[in-house]
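Colleague: I am new to this one and would like to understand the words people use for it. Could you walk me through it?

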Amino acid sequence: MNLPDIHIQDHYRSDRNNLIQDFYVPCLSQTTSYSRAVGYFSSTSIVSISQGLAALIEAGGKMRLVASPRLSSEDIKSIGKGLKQKEEVVSKAIVKEFEAVVKDRLTCLSWLLSKEVLEIKLAVANNADEPGLYHEKFAILADANDNKITFIGSVNETKQGLIDNFENI
């Protein structure tokens with residue numbers, strides 16, 4: 001199966017759809033490249049989309065993320081750890097264990113970075129005198145045959161955005 005084989009609706013709303021089960025998991029399960037831009041990122045999102053992310057990892061896929069630099073201190077530490085210890089962090093974890101490992105979101109974040117499955121870039125304002133928040137939200141998903149799905153919407157890459165908030169994509 002590839003991205004064109006998935007039934008994709010034109011619009012998803014969190015009051016009518018389960019954004020994770022109806023959209024993210026089916027799409028990520030067929031994806032080898034997930035490029036995402038959000039105002040906010042939290043490692044809590046990794047737990048929320050773990051089922052689809054596990055399939056992306058198993059397929060040798062990559063996730064690229066651009067987010068504002070407003071991160072939790074825990075995530076900052078885990079990102080630093082993952083970038084500094086690419087081969088040492090959670091080396092025993094394999095794709096089949098990924099969903100179990102994901103319960104520890106910070107270890108999982110470090111592992112994703114250390115294995116170069118996830119690349120994070122922070123978007124900072126050019127004008128330091130009047131810094132604004134990078135807040136656009138879009139994504140591009142691609143499969144092994146370079147079929148693509150793109151979306152825009154209000155949802156951030158956080159558990160709250162994916163599960164708790166009223167959002168649309």
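Modeller: Gladly. Let us begin with a term: a residue is called buried when its relative accessible area is under 20%. Keep in mind that this is a predicted model. In helix H1, the residues that count as buried are Leu19, Ile20, Phe23, Tyr24, Val25, Cys27 and Leu28.

Colleague: What makes H1 largely enclosed by the rest of the structure?

Modeller: Of the 10 residues of H1, 7 are buried, so the helix is largely enclosed. Those buried residues pack against E1, helix H2 (44-48), H3, strand E4 (138-142), strand E5 (148-152) and helix H7 (159-164). H1 also lies across E1, E4 and E5, and its direction is at about 145° to that of E5.

Colleague: Which residue caps the N-terminal end of H1, and how do you know?

Modeller: The cap is asparagine 18, with a side-chain oxygen 3.0 Å from the backbone nitrogen of isoleucine 20. A polar contact needs a pair of N or O atoms within 3.5 Å, and the 3.0 Å of this pair fits that limit.

Colleague: How are H1 and H3 oriented to each other, and why is that word used?

Modeller: The axes of H1 (residues 19-28) and H3 (residues 50-58) cross at roughly 10° and come within 7 Å. Angles under 35 degrees count as roughly parallel, so H1 is called roughly parallel to H3. On the H1 side the contact is made by Gln21, Val25 and Leu28, and on the H3 side by Gln51, Gly52, Leu53, Ala55 and Leu56. These residues divide into 5 nonpolar, 3 polar and no charged.

Colleague: Now the loop after H1. Is threonine 31 buried or exposed, and why?

Modeller: Threonine 31 sits in the loop between H1 and E1. Its relative accessibility is 1%, and the limit for buried is under 20%, so threonine 31 counts as buried. Setting aside neighbours within four places in sequence, threonine 31 is in contact with Leu3, Leu56, Leu141, Ala142 and Asp143. Alanine 142 is 111 residues away from threonine 31 along the chain, yet their C-alpha atoms are separated by 5.3 Å. The side chain of threonine 31 also reaches the backbone oxygen of cysteine 27 at 2.5 Å.

Colleague: And serine 42: where is it, and what makes it buried?

Modeller: Serine 42 belongs to the loop between E1 and H2. With a relative accessible area of 16%, against a limit of under 20%, serine 42 is therefore buried. The side chains of serine 42 and threonine 44 make a polar contact at 3.0 Å. Beyond neighbours within four places in sequence, serine 42 is in contact with Asp75, Glu157 and Thr158.

Colleague: Let us turn to the strands. What is the order of the strands in the sheet, and which are the edge strands?

Modeller: The order is E3-E2-E1-E4-E5, in an open sheet of 5 strands with mixed pairing. E3 and E5 are the edge strands, as each pairs on one side only. On average, neighbouring strands of this sheet are turned by 10° against each other, direction ignored.

Colleague: How do you know that E2 pairs with both E1 and E3?

Modeller: Two strands pair if there are at least two bridges between them. E1 (residues 33-38) is joined to E2 by 6 bridges, and E2 is joined to E3 (residues 118-122) by 5. The sense is parallel for E1 with E2 and also for E2 with E3. Arginine 36 has leucine 65 of E2 as its bridge partner. Arginine 64 has glutamate 119 of E3 as its bridge partner, and methionine 63 stands opposite leucine 118 in E3.

Colleague: What do the side chains do along E2?

Modeller: They alternate along E2 (residues 62-67): Met63, Leu65 and Ala67 point to one face and are buried, while Lys62, Arg64 and Val66 point to the other and are not. In a regular strand, side chains do alternate between the two faces of the sheet.

Colleague: And how many helices and strands are there in the whole chain?

Modeller: The protein chain has 7 helices and 5 strands, which run α-β-α-α-β-α-α-α-β-β-β-α from the N terminus on. Of its 169 residues, 44% are buried.

Terms used:
Residues are numbered from 1 along each chain as its sequence is written. This is a predicted model: local features need pLDDT of at least 70, side-chain atom pairs count only at pLDDT 80 or more; totals for chains, interfaces and linings use all residues. Side-chain values use heavy atoms; hydrogens and water are left out. Axes are lines fitted to C-alpha atoms, for helices over the stretch in contact, and angles run from 0 to 180 degrees between N-to-C directions. Helices (H or I, at least four residues) and strands (E, at least two) are DSSP runs, numbered from the N terminus. Angles under 35 degrees count as roughly parallel, over 145 as roughly antiparallel, 65 to 115 as roughly perpendicular and the rest as oblique. Contact means heavy atoms within 4.5 Å. Ala, Val, Leu, Ile, Met, Phe, Trp, Tyr, Cys and Pro count as nonpolar, Asp, Glu, Lys and Arg as charged, and the others, Gly among them, as polar. Buried means under 20% relative accessible area, exposed over 50%, partly exposed in between (1.4 Å probe, protein chains only). A polar contact is a pair of N or O atoms within 3.5 Å; within protein, one must be able to donate a hydrogen and the other to accept it, and residues adjacent in sequence count only if both atoms are side-chain atoms.
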